[in-house]
Amino acid sequence: MTIPSPQRRTRRMMLVVTAACVSAVLGAAVQQIADHGWKAFVYRAPGVGATHDRQDGGASRHP
Amino acid sequence: MVCGGTAFATTASGGTASAGRPRSRLAVWALRLPLLAPLVFIAPEIVAAIGGRAHSAAHLSASVAEVMGNAAFIVFALMLAVTPLATLTDWRWHVVLRRDYGIAMFAIAMTDLVIAAIVTGDTFPGGFVTRVTGHSFLAAGTLATFLCVPLALTANRRSQRSLGRYWKPLHRLTYMVWAAILIHLLLLFGLRGPAIHAFQVSAPLLLLRLPPVRRWYVTSRRSGEARLSRAAVGVACAATFVVGLAPFIHSFAVSGEQAFLQQPEDR
């Protein structure tokens with residue numbers, strides 16, 4: 001059995017961190033789609049998200 | 001494939017050395033100072049919200065995306081501009097700013113995310129998770145921020161040594177962050193306004209990263225050839241970048257002032 005070099009170990013650790021970050025967001029997004037449906041996830045009602053000086057004519061802001 | 005200066009990069013190739021001259025050091029510090037502006041602008045609202053002042057959460061909810069979102073994009077664009085600027089000018093003194101701007105962008109974006117998760121319940125009913133991933137545009141923005149985690153964790157010399165040859169490929173994640181930010185803005189605004197400006201900012205940054213363009217520019221600069229073409233490309237890229245970034249800076253300044261005075265625009 002080969003022992004991974006410190007560089008490979010660190011690389012693997014960072015890959016795990018990256019995968020965890022991506023999975024957290026994608027998992028949460030999939031959960032939202034499952035709960036509220038694809039349309040609610042993709043299409044936003046007028047006023048949700050964009051600032052009013054930019055788009056929707058009196059919309060609220062988004063995070 | 002794009003190449004050259006992966007963002008969040010440390011400056012093993014001489015950035016620190018050239019930034020060591022007193023005048024360069026002064027310029028570097030002068031360019032670091034504006035990174036505090038978002039915090040200064042939003043601080044009064046955070047303090048008011050922590051203190052439980054009436055309507056402070058609504059004020060913060062109204063300001064946070066404008067102030068921190070714009071700031072994050074501006075700082076990200078400036079970070080991405082470090083390498084093309086080195087290509088255009090052969091300067092090295094500013095390369096040290098790439099890491100600082102990258103870490104600052106991560107801090108700003110994460111602050112935006114945390115505040116949004118806490119205070120935007122009026123706009124996005126549901127729990128913390130809904131407030132940051134409840135819509136496709138929110139998920140794209142959150143993904144961009146989360147992808148910065150490994151970059152920020154390894155944006156130091158020690159990690160660069162520990163990762164060795166794997167460090168640079170890891171930091172190419174920056175391009176995924178870039179794509180996620182553009183998707184976030186595209187989903188949010190459609191093909192207009194800030195999304196178009198973001199593409200406008202991105203175009204010259206991407207162009208000057210393309211290996212053939214970069215090679216042509218650097219070689220011809222070193223040999224003193226094609227001065228007119230180089231000047232035209234440089235001016236066109238700089239102008240496109242500045243014109244695209246100006247609306248973000250304007251919006252940041254206006255909303256920042258309103259946040260600082262705790263007078264957010266009526267919703």
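Okay, let's start with a pair of charged residues: Arg32(B) and Asp100(B) are both buried. One caveat before going on: this is a predicted model.

So what do the side chains of Arg32(B) and Asp100(B) do? They meet in a salt bridge, at 2.5 Å from N to O. Now look at where the two partners sit. Arg32(B) is in helix 2 of chain B, residues 22-32, and Asp100(B) is in helix 5, residues 97-119, so this salt bridge ties together parts of the chain 68 residues apart in sequence.

How many salt bridges does the structure hold over all chains? Two. The other pair I want to show is Asp90(B) with Arg221(B), whose side chains meet in a salt bridge at 3.1 Å, N to O. Here Asp90(B) lies in the loop between helix 4 (56-89) and helix 5 of chain B, while Arg221(B) belongs to helix 12, residues 211-223, so the parts tied together are 131 residues apart in sequence. As for burial, Asp90(B) has a relative accessible area of 39%, so we call it partly exposed. Arg221(B) comes in at 16%, which is under the 20% cut-off, so that one counts as buried.

Okay, cysteines. If you search the whole structure for disulfides, over all chains, you find zero. Take Cys148(B): the nearest cysteine sulfur belongs to Cys21(A), and that is 9.6 Å away, so with a cut-off of 2.5 Å there is no disulfide for Cys148(B). Is Cys148(B) buried or exposed? Its relative accessibility is 0%, so it counts as buried. Cys237(B) is at 7%, so that one is buried too.

Now to the nonpolar side of things. The largest nonpolar core has 61 residues, and the members that touch the most others are Phe73(B), Phe76(B), Val177(B), Ile181(B) and Leu245(B). Which elements give two or more residues to this core? From chain A there's helix 1 (6-36), and from chain B you get helices 4, 5, 7 (136-153), 9 (167-171), 10 (173-189), 11 (193-207) and 13 (227-260). Helix 4 of chain B gives the most, with 14 residues.

If you want one residue to click on, try Phe73(B). Leaving out anything up to four places away in sequence, Phe73(B) touches Ile181(B), Leu185(B), Ala198(B), Val201(B), Leu245(B) and Phe248(B). Two of those names, Ile181(B) and Leu245(B), we just met among the core residues that touch the most other members.

That's what I had, so over to you.

How values were computed: Residues numbered from 1 in each chain as written. Chains lettered and ligands numbered in written order. Predicted model: local features only at pLDDT ≥ 70, side-chain atom pairs only at ≥ 80, totals over all residues. Heavy atoms only, no water. Buried < 20%, exposed > 50% of the residue type's maximum accessible area, 1.4 Å probe, protein only. Salt bridge = Lys/Arg side-chain N within 4 Å of Asp/Glu carboxyl O. Helix = DSSP H or I, 4+ residues; strand = E, 2+ residues; numbered from the N terminus. Core = buried A, V, L, I, M, F, W, Y, C linked by side-chain atoms within 4.5 Å. Contact = heavy atoms within 4.5 Å.
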